[in-house]
Amino acid sequence: MDATGEKRYIRKRLLKAGLQSIPFYLFRLLSVKKRKVVFTTIEGTTGFTCNPKYIALELMRRNEGLPPRFRWELVWLVNDAGKVFPYGIRKVRNTLLNRAFHLATARFWVDNSRKQLECRKRRGQTYIQTWHAKLGFKPTCLDRGASFSKIAYLVSKHDSDMVDWWLSNSDWYDRTLKTGSLYEGKTLRTGSPRCDGLVKVRGDAAAKDGARRHGGGLYGIGGGAADVRFLMYAPTYREGNSEVTRTLSTGGQFPDLMRLRKNMEKRFGGTWYILLRLHPQLVVRRIGAAGIAGDAAGGGFPEGTVDASSFDDMYELLAGCDAFLTDYSSAAFDAAVTGMPVFLYCDDYRKYEGERGKLLWDLRKLPFPLAEDDGELEKNIEQFDRDEYGKRLEALFNETGMTEDGNGAATVADFLEKLSE
């Protein structure tokens, strides 16, 4: 898009946002409910998931036994009315009027992504931004340099200006907020509520086994066998080539999954299964089981691989996994909280960095073994040293000042309680 076209597009977006903001002002005639919380994840495109899920669950727990007038009113805006939510959360279709009404009358907003340009916050409301990543690889906002578009700047700035508190888990993340999120306000050092369950399974064999059996049961694999192990493969979203068909057997940023599975069994023992977890934006675009080519035999997944992309909460599955593989997903740092082996497969490392902007870390210096092809990935698995890996993880957490204590959701709920009083 040339400069003239971009200006025309921005004017159109701003005009549309101005018109769509009118309901937000009209609903200001109604009072704000001091115990009402409105949750949203990825602009309503995902369901009951990520950091907001665990905050909502904690507030639901605190509602038990309370008289109705003292309970939290929990509302979740979601695009897909078919998404399932637990009893105690009011599921609302994420239309403009619904969004305007519920956001305008809620004391608290809890989100993990950007609000739309038309959203308007009124005096007396509190917006808590949990975001969907903390420590991460990818540059965002100003850190992207020239690849950060003007409209993306306007949307990001509009959202950040409304935020009252931003959840953080580390000194490192605090330092990135100004340029990486266009945010210079107050932070809450709570850790990531979605990581609470990952902290729980670290060092707790019974909890780990329960999570593993739960994940296997969801997909009818493993049969409860003691030697069953899971590796989650979660490649990130690539804005520039999301329409490209990729193959699950070889190439196209995907490793050879059959070879990967055999290598994991050879190095770690047991029977391994791979849970393929596509980025939510790819799932929304239907680049899932139908849009990714399988093996040459006819479009299916390689043996031992299941598509876990449609399950809303990645972290519910991750708690039961024994290893994690990604390219540039920040979930690598979250998976590391459990102490599980984390591997990186980046066969487009240099190209990706050229398109996206310089990554925030030198991947070769992280604890996670980096491979740029299948041969290097096989070597990394064969030579994996758990003791050395553990030492490097501890050094990373100390260097970043990272805190994940398993109490993130409870800490946020305590904070909401305090503000509501």
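Here is a walk through two sheets and some of the helices that pack around them.

Before we start, keep in mind that this is a predicted model, where local features need pLDDT of at least 70, side-chain atom pairs count only at pLDDT 80 or more, and totals for chains, interfaces and linings use all residues. Residues are numbered from 1 along each chain as its sequence is written, and side-chain values use heavy atoms, with hydrogens and water left out. The names are simple too: helices (H or I, at least four residues) and strands (E, at least two) are DSSP runs, numbered from the N terminus.

Let's begin with a sheet. Strands of a sheet pair through backbone hydrogen bonds, either parallel or antiparallel. Here, two strands pair if DSSP finds at least two bridges between them. One open sheet has 7 strands in the order β3-β2-β1-β4-β5-β6-β7, with parallel pairing. Strands β3 (90-93) and β7 are at the edges with a single partner strand each, so one side of each has no neighbour in the sheet. On average, and ignoring direction, neighbouring strands of this sheet are turned by 25 degrees against each other. Angles run from 0 to 180 degrees between N-to-C directions, and axes are lines fitted to C-alpha atoms, for helices over the stretch in contact.

Now zoom in on two pairs of strands. β1 (residues 33-40) and β2 (residues 73-78) are parallel partners joined over 4 bridges, and V38 has V75 in β2 as its bridge partner. Helix α3 (residues 50-63) packs on this sheet, touching β1, β2, β4 (106-111) and β6, and its direction makes about 155 degrees with that of β2. Further along, β6 (residues 165-168) and β7 (residues 186-189) run parallel, joined by 4 bridges, with L167 opposite L188 in β7. Add helix α6 (residues 171-180) to β6 and β7, and you have a right-handed β-α-β unit. Right-handed means that, with the strands pointing away from the viewer, the path from the first strand over the helix to the second runs clockwise.

What does α3 meet on the helix side? The axes of α3 and α16 (residues 408-420) come within 8 Å and cross at roughly 60 degrees. Contact means heavy atoms within 4.5 Å. Y54, I55, E58, L59 and R62 of α3 make the contact with A409, A410, V412, A413, D414, L416 and E417 of α16. That contact has 8 nonpolar, no polar and 4 charged residues. For these classes, Ala, Val, Leu, Ile, Met, Phe, Trp, Tyr, Cys and Pro count as nonpolar, Asp, Glu, Lys and Arg as charged, and the others, Gly among them, as polar.

Another helix pair is α1 (residues 3-20) and α5 (residues 150-162), whose axes come within 10 Å and cross at roughly 25 degrees. That makes α1 roughly parallel to α5; angles under 35 degrees count as roughly parallel, over 145 as roughly antiparallel, 65 to 115 as roughly perpendicular and the rest as oblique. Their contact has 6 nonpolar, no polar and 3 charged residues.

On to the other sheet. It is open, with 6 strands in the order β10-β9-β8-β11-β12-β13 and parallel pairing. The edges belong to β10 (305-307) and β13 (370-371), each with a single partner strand, so one side of each is left without a neighbour in the sheet. β9 (residues 271-276) pairs with β10 in the parallel sense over 3 bridges, and L275 has V306 in β10 as its bridge partner.

Helix α9 lies across β8 (228-233), β9, β10, β11 (323-326) and β12 (342-345), at about 140 degrees to β9. α9 (residues 257-268) also packs with α14 (residues 374-382) at an angle of about 15 degrees, their axes 9 Å apart. The two helices are therefore roughly parallel to each other. Their contact residues divide into 5 nonpolar, 2 polar and 6 charged.
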